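Let us walk through one helix crossing and the cavity beside which the account ends. Start with the geometry.

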Amino acid sequence: MSQSNLKDLSTERSASERATATLADQILSAIQTAIIKGELAPGSKINEQALAAQFGISRGPTREALQTLERQRLVVRMPHVGARVAQLSVEELNDLYDLRSTLEAMACRLAAERITEAQLAELQALLERQEAALKQGDTYFQEQGDVDFHYQIIRASGNKHLQETLMGGLYHLLRMYRYQCSNHQRPSRAIAEHRRIVEAIAERDGELAALLMQRHIEQGRRNTEARLKELKAEASAREHSSATFANKQQLKGETA
């Protein structure tokens, strides 16, 4: 085969690989969002073939997306059961928030030392947008990437391993808890806490920023845990009601 043909083949393969990667990214984002928002119910079984058919793609990109979701702990694969959407639990919530508190406190200390003027201005502008959105009745907790307060501080820490641990491993699972167990009374208080954290970082007071972040995360944990317990109690009550109704119907059938 000529050098020209080899080059053409290489270009075709590269284009195909890019298309496959893009497709995998798209389906990953779609399934990820559905899990975080609860559109795919916690504990529900994931059918790889059905998902591929739903999105009109082959099973290869679907399988790749599910493998990534497993690493993010949004999907759990169990022997003889298969892949299921992660369940929300109080125990895991507390474990996650303990780890998050420690790591984000570290991020604050580093950010106070390393944040650039441009990053600080971006963080302050974000707070202003959040405050304006709140006045209009909007919330911001579901935002991600560059518009997420915590992400910007983690990025400003300049520590790549810290960024990878939080953003790659914990972030999506935390978003699922925050989204599905949000407390609508929380945003105004949370934004005020954000403001004090940014002020400490701007003053280069890493210890104060870390302490404020730990308090902020702990308050978030308490609110999220309380809401999660409420949701579980409501689900348990519904199951009990359904079981009672089914038993009554069965008794009626037997006595008819």
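Helices α4 and α6 are oblique to each other, because their angle falls outside the classes of roughly parallel (under 35 degrees), roughly antiparallel (over 145) and roughly perpendicular (65 to 115). The model is predicted: local features need pLDDT of at least 70, side-chain atom pairs count only at pLDDT 80 or more, and totals for chains, interfaces and linings use all residues. Numbering runs from 1 along each chain as its sequence is written, and side-chain values use heavy atoms, without hydrogens and water.

The axes of α4 (residues 90-114) and α6 (residues 149-156) cross at roughly 60 degrees and come within 7 Å. The crossing is left-handed (the near helix is turned anticlockwise from the far one by less than a right angle).

Now the contact, meaning heavy atoms within 4.5 Å. From α4 come Arg100, Glu104, Ala107, Cys108, Ala111 and Arg114; they meet His150, Ile153, Ile154 and Ala156 of α6. These residues split into 6 nonpolar, 1 polar and 3 charged.

Next, the cavities. The whole structure holds 2 of 30 Å³ or more. A cavity here is a set of points on a 1 Å grid where a 1.4 Å probe fits but cannot get out. The second largest has about 70 Å³ of space. Its lining (residues with an atom within 4 Å of a point) includes Arg100, Glu104, His150 and Ile154. Leu166, Tyr171, Leu174 and Arg178 also line this cavity. Helix α7 (160-180) gives the most, with 4 residues. The lining divides into 4 nonpolar, 1 polar and 3 charged residues.

Conventions. Axes fitted to C-alpha atoms, helices over the stretch in contact; angles between N-to-C directions. Helix = DSSP H or I, 4+ residues; strand = E, 2+ residues; numbered from the N terminus. Nonpolar A, V, L, I, M, F, W, Y, C, P; charged D, E, K, R; others polar. 1 Å grid on protein atoms, 1.4 Å probe; cavity = no way out; pocket = protein on both sides within 12 Å on 5 of 7 lines; lining within 4 Å. Points joined across faces, edges and corners; volume = space filled by probe spheres on them.
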